[in-house]
Amino acid sequence: MRPFNHINAATLDEAADALKNGAVAVAGGGDLFGALKDDIFPNYPKTVVNLKSIPNLNRVTTDGGTLKIGALTTLADIARDALVREHAPILAEAAGLASSPSLRETTTIGGNVCQLPRCWYFRKLNNRFDCARKGGEKCFALTGDNRYHSVFGGASFETASGEKRVCIAVNQGELAPVLTVLGAAFVTTERVIDAADFFGVGVLSSTVLKRGEILTEIHVPLSNFAKRSRYKRFSFRKSIDFPVLNLAVAVSDGQYRICLGGVAPVPYVALSAEKLLSGNAITPELAERAGIAASEGAKPFDANGYKVQLVKTLVKRELLAIG
Ligand SMILES: Cc1cc2nc3c(=O)[nH]c(=O)nc-3n(C[C@H](O)[C@H](O)[C@H](O)COP(=O)(O)OP(=O)(O)OC[C@H]3O[C@@H](n4cnc5c(N)ncnc54)[C@H](O)[C@@H]3O)c2cc1C
Ligand code: SF4
């Protein structure tokens with residue numbers, strides 16, 4: 001790793017000022033320090049600002065009808081927290097499945113939802129592929145090895161100089177689909193963003209957060225969706241492996257929410273399947289049709305057609321399990 005200045009921010013204002021001056025934020029470092037060690041960025045940051053030194057950002061509380069989770073709460077604390085387990089058990093379960101036991105003790109919910117893509121061109125040592133997602137000109141995965149990439153198209157975005165670019169990397173975060181079906185709200189130093197609008201694609205970014213904007217809290221409404229829900233991840237290795245595809249399903253009063261990770265540049269809400277299921281009880285036939293509906297519109301590349309079958313199968317299975 002190359003040297004950099006390290007600031008332990010005492011307040012959100014101090015951290016935000018540092019970020020506006022070009023620093024990079026670190027929470028648990030599970031994503032960021034690996035990226036710095038592998039030297040994947042076109043410009044090495046001069047300063048890293050630690051958010052964990054800011055007090056009171058790692059608490060879990062309930063307030064009226066809302067479960068409030070500080071952005072610096074670790075995944076391990078979320079997995080074992082009594083309030084999370086009572087009000088949003090699916091979130092505790094998903095947090096407890098991410099990465100490894102030791103990483104979960106240090107990595108945070110805020111870092112998990114802000115993590116950068118795992119695309120192997122993006123992550124290649126020493127910035128070997130200066131791809132579109134880093135401000136470069138092309139997406140190497142479009143014509144290269146795209147077995148882990150999107151089956152629902154690419155995301156178009158603009159670089160700082162106004163150039164149009166496309167990226168087909170997926171959002172592979174553990175908690176993104178879960179927080180989406182829970183209808184979570186993301187509180188930042190500047191605004192409140194609905195889960196449906198929080199994830200995005202930009203140069204060195206996987207969210208709509210602006211430079212200097214810090215995620216401070218995640219609010220989960222206490223609802224029947226939170227109580228009756230399921231989480232499933234599919235990965236090739238049994239442990240310490242990112243989900244190739246993950247899925248959250250929730251139901252309340254005959255209304256269904258289905259969100260998939262690992263299939264699109266942002267968490268993918270399976271609207272056609274939700275519509276098909278609306279007001280109906282799950283039967284084997286309906287679950288099968290919903291799986292097919294969830295995969296509608298998929299256009300896999302040469303190497304990732306297997307994901308379409310995974311979508312159909314996992315959606316069907318989880319609907320049958322939720323009943
Ligand atoms: C071996 C290994 C296995 C892994 N397996 C998984 C897995 O199975 N599932 C999974 O989801 N992830 C996995 N990860 C990725 C990662 O460790 C986690 O997602 C982790 O939760 C990141 O959190 P962090 O606090 O360490 O974030 P950091 O690495 O500190 O930060 C990640 C990014 O988020 C930004 N950021 C952090 N906090 C904030 C905030 N409050 N406001 C604004 N921006 C912020 C940082 O600037 C940085 O760009 C794995 C990582 C490793 C090394
Ligand atoms: S998929 Fe995205 S991150 Fe991967 S090479 Fe293409 S532009 Fe870069």
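Start by selecting Phe140, which counts as partly exposed because its relative accessibility is 23%, and the cut-off for buried is under 20%. Keep in mind throughout that this is a predicted model.

**Stop 1: aromatic rings**

Stay on Phe140 and add Phe129. These two form an aromatic pair. How far apart are the ring centres, and what is the angle between the planes? The centres are 5.0 Å apart and the planes make 65°. That geometry is edge-to-face. Now look at where the two residues sit. Phe129 lies in the loop between α8 and β6, and Phe140 lies in the loop between α8 and β6 too. They are 11 residues apart.

Next, select Phe234 and Phe236. Their ring centres are 5.5 Å apart and their planes stand at 85°, so this pair is edge-to-face. Is Phe234 buried or partly exposed? Phe234 is partly exposed, because its relative accessible area is 27%.

Widen the selection around these rings. Add Trp120, Tyr148 and Tyr306 to Phe234 and Phe236, and you have one aromatic cluster. Across the whole structure, a search finds 12 aromatic pairs.

**Stop 2: the surroundings of ligand 2**

Select ligand 2 and show the residues around it. How many residues surround ligand 2? There are 14. The closest are Cys119, Cys131, Cys139, Cys167 and Ala169. Now colour the elements. Two of them give two or more residues to this shell: α8 (120-123) and β7 (164-167). Then colour the shell around ligand 2 by class. You should count 12 nonpolar residues, 1 polar and 1 charged.

**Stop 3: an open sheet and its helix**

Select strands β13, β14, β15 and β16. These 4 strands form an open sheet, in the order β13-β14-β15-β16. Their pairing is antiparallel. Which strands are at the edges? They are β13 (229-234) and β16 (268-269), and each pairs on one side only.

Zoom in on β13 and β14. Strand β14 covers residues 245-252, and 6 bridges join it to β13. The two run antiparallel. For one bridge, click Ser229: its partner in β14 is Ala250.

Now bring in helix α14, residues 306-322. Helix α14 packs on the sheet and touches β13, β14 and β15 (255-261). Its direction makes about 35° with that of β14.

**Stop 4: strand β12 and its partners**

Move to strand β12, residues 215-221. How much of it is buried? Strand β12 is mostly covered, with 5 of its 7 residues buried.

Show strand β5 (residues 66-70) next. Strands β5 and β12 pair in the antiparallel sense, over 5 bridges. Then show strand β8 (residues 185-188), which 4 bridges join to β12. Strands β8 and β12 also run antiparallel.

Click Ile218 in β12. This residue is the bridge partner of Ile69. Phe186 stands opposite Ile218 as well.

**Stop 5: Glu14**

Finish at Glu14, in helix α1 (residues 12-20). Glu14 counts as partly exposed because its relative accessibility is 33%. Which residues does Glu14 contact, leaving aside its neighbours within four places in sequence? They are Ile7, Asn8 and Ala9.

For a last step, draw a distance from the C-alpha of Glu14 to the C-alpha of Gly136. It spans 31 Å in space, and the two residues are 122 residues apart in sequence.

Terms used
Residues numbered from 1 in each chain as written. Chains lettered and ligands numbered in written order. Predicted model: local features only at pLDDT ≥ 70, side-chain atom pairs only at ≥ 80, totals over all residues. Heavy atoms only, no water. Near = heavy atom within 4 Å. Nonpolar A, V, L, I, M, F, W, Y, C, P; charged D, E, K, R; others polar. Pairing = 2+ DSSP bridges. Contact = heavy atoms within 4.5 Å. Axes fitted to C-alpha atoms, helices over the stretch in contact; angles between N-to-C directions. Buried < 20%, exposed > 50% of the residue type's maximum accessible area, 1.4 Å probe, protein only. Phe/Tyr/Trp six-rings, centres within 6.5 Å; stacked < 30°, edge-to-face > 60°.
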